[in-house]
Amino acid sequence: MTDKLLLLGDQAIALGAVHSGLSGVYAYPGTPSTEITEYIQENKLARERGVRSDWCTNEKTAMEAALGMSYIGKRALVCMKHVGMNVAADAFVNSAMTGVNGGIVVVAADDPSMHSSQNEQDSRFYGKFALVPILEPSSQQEAYDMIRYGFDLSEEVGLPVLMRITTRMAHSRAVVTVGEPIAENPLHFPEAGVANWVLLPVNARRRYREIIAVQDKLEKMSETTRFNSYKKGGKKGVIACGIGYNYMMENLPADSDRTILKVSQYPLPADIIREMVEECDEVLVIEDGQPFVEEQVRGLLDCSGKIRGRLSGELPRDGELTPDNVAAALGVKEGQHFDVCSTVVPRPPALCAGCGHRDVYSVLNEVIREYPDHKVFSDIGCYTLGALPPLRAIHTCVDMGASITMAKGAADGGLFPSVAVIGDSTFTHSGITGLLDAVNSKSNVTIIISDNLTTAMTGGQDSAGTGRIEAICLGVGVEPEHVRTVVPLPKNMEEIRKVIKEEIEYNGVSVIVPRRECIQTLKRKSRK
Amino acid sequence: MKKDIILAGVGGQGILSIAAIIGQAALNQNLHIKQAEVHGMSQRGGDVQSNLRISAEPINSDLIALGKADAIISLEPMEALRYLPYLSKEGWIVVNSVPHINIPNYPEESALEAEFAKLPNVISFDADAVAKENGGVRTVNMVLLGAASMILGIEDTKLEEAIGDVFGRKGEAVVETNVKAFRAGREAGKKQMER
Ligand code: SF4
């Protein structure tokens, strides 16, 4: 049976994984990767099969759970946004070192142009770093097909496989032809025994040599895989990676005689590229994200000027690919179009009307005005929008959980008052360990855990510590009289003001938990 | 058959339900579709758009190039103008004339009107009012879709069928309300076009 469905790239990956005999998806929500796990959670077959799909506390716990599942022979999927790779990196790199049993595909969703992110890092570097194969689909159909291929490949070479996508692939719909699902793997252990799982130096050294030895094979696979293709033509060459291929095809006339290498599987097929560069006068590299391929092909010493792309200025050094900047790089003449309309003004996102974070910030602003030297360290979530006018309530947003530890560092250095504002989901993701640091060194910090009972920014996924935030703080060692809970509503402003003031004045670690459910989540629930 | 359409609005206005119906109608006719959406931060009241491409031939790019859109369908006037560089010189704008003002420096209505007056093909009308009279405020998307239906290159009956497919789960009454709003929108659009 085949079926045609209109699917987001994320959904195509999700369904592809379920159809590949997936036993568990492990993920922390993050744009643009969230919809993969959400789709599996709602998928009928996945439910019938009891495929595990609960949200994880963070990307590292997700990666490790997947590895455990893989050790017993089953297939596991790990999904995260690009910056989640930083959190999962320890587990990810070492999962290559131990190797896998059941297949593991790790999907990293990059966000060039930073639509919803704090940087543009390119996850392909992580794949190369860990010496594992990387897949980069160019279409939603390919994404669906590649997931099964990825699981097979992972089991064949005994390594996790990284699938790298970008926002436009994740969040664009297309018609996908889907096939028959296969069964899950049975529980089974590796024939060679389990010594690889213990990365004591004696085993790790052996494993590292094994991984190095398999690289040639991976490169050969990239030459023969059906997802890469090489079309010989004239003296002008293009290496088009992932969705870069689409933008190229959009712009090239049907009778174009360019020499074209489509890359959707890495490590790079080096022999083909060598031949291509030799025969062409010029090779343009079209890749979304950072110049990962361009740099490799050019190397440090190539001064021929043959290799063109983001580094040479044919394509912009930052920002995502578009049909327009690829057209320019290919030398296609720009067509006529209207000018930008000067009457239009920016419309930045903002906290929803009636959101509890708003109440927290307005009263915090009032109290803290009395302390001219104050700084408010914040974190990642809807409440980051509190940095924008008119609230202008926070001074930092760096990485998940950084608010607490940065406030500690600043307080240690003598800042007063040093305040942290973090959400409940971000707190359980990466804030708890920082809180323990603060408690252990009795730092003078006031930590506001603005609890909306959900992971709101990404659309209201479960938050790992719901109902247990105070208990966690107490368990970590915050003194009970300095764990204060309030309800952020306009009528409670007086009380909250008093609480914030008292806790700022207390010399030590205090935690204030303003708790009110996200109104979007509340709305969704009442609709159901 | 090939149409490139930009759907525009403000996060929370629900442009995606318009996209879902056009997409479903195209799928029912075995057409190729690509539809890039915006999820994430801008959905909190920021500007959002969706690039919708349908074609009898396979489609490469998920995004529409400058000057290539056949239509901009916008739930709000300023957002229609934001994507003007993408509109083809012969393209149409179908826009709800009711502004969504959630920023302090929203332009004067007259300034927006002056911009629309410079353009050759604009269908602008109070879609909120038409929705209120016909299916209720929540059907304003369907009103706008109705008004745009003449330039989509998809038959009305196919679009109505797609409304049934998309809203079917919510029951017959919901489908009927939305079809009614769609038809009222089409009438309103026709009137505007004839002017
Ligand atoms: S989604 Fe929820 S938490 Fe986020 S701004 Fe809106 S109400 Fe606040």
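Visitor: Which side chain meets that of Arg124(A) in a salt bridge with N to O at 2.7 Å?
Guide: Welcome! This is a predicted model, where local features need pLDDT of at least 70, side-chain atom pairs count only at pLDDT 80 or more, and totals for chains, interfaces and linings use all residues; side-chain values use heavy atoms, leaving out hydrogens and water. Residues are numbered from 1 along each chain as its sequence is written, while chains are lettered from A and ligands numbered from 1 in the order in which they are written. In a salt bridge, a side-chain nitrogen of Lys or Arg is within 4 Å of a carboxyl oxygen of Asp or Glu, and the partner at 2.7 Å from Arg124(A) is Asp122(A).

Visitor: Is Arg124(A) buried or exposed, and what is its relative accessible area?
Guide: Buried means under 20% relative accessible area, exposed over 50%, and partly exposed in between (1.4 Å probe, protein chains only). Asp122(A) counts as buried at 3%. Arg124(A) is buried too, with a value of 0%.

Visitor: How many residues apart in sequence are the parts that Glu136(A) and Arg124(A) tie together?
Guide: These two form another salt bridge, with their closest N and O atoms 3.8 Å apart. Glu136(A) lies in the loop between β5 (134–135) and α7 (140–157) of chain A, and Arg124(A) in helix α6 (residues 124–130) of chain A, so the parts they tie together are apart in sequence by 12 residues. (Helices, H or I with at least four residues, and strands, E with at least two, are DSSP runs numbered from the N terminus.) Counting along the chain, then, the answer is 12 residues.

Visitor: Which residues are linked with Arg124(A) in a network of salt bridges?
Guide: Two of them we have already met: Asp122(A) and Glu136(A) belong to the network. The other members linked with Arg124(A) are Asp110(A), Arg164(A) and Glu287(A).

Visitor: What is omega for the cis peptide bond that joins Tyr266(A) and Pro267(A)?
Guide: Pro267(A) lies in the loop between β11 (265–266) and α11 (270–279) of chain A. For the cis bond from Tyr266(A) to Pro267(A), omega is about 10°.

Visitor: What is phi of Met114(A)?
Guide: Met114(A) is found in the loop between β4 (104–110) and α6 of chain A, and is partly exposed at 37% relative accessible area. Phi is positive here, in a residue other than glycine, and is near 50°.

Visitor: Which chains share the site around the ligand?
Guide: Among the residues around the ligand, each with a heavy atom within 4 Å of it, are Cys352(A), His357(A) and Arg44(B). The site is shared because the surrounding residues come from chains A and B.
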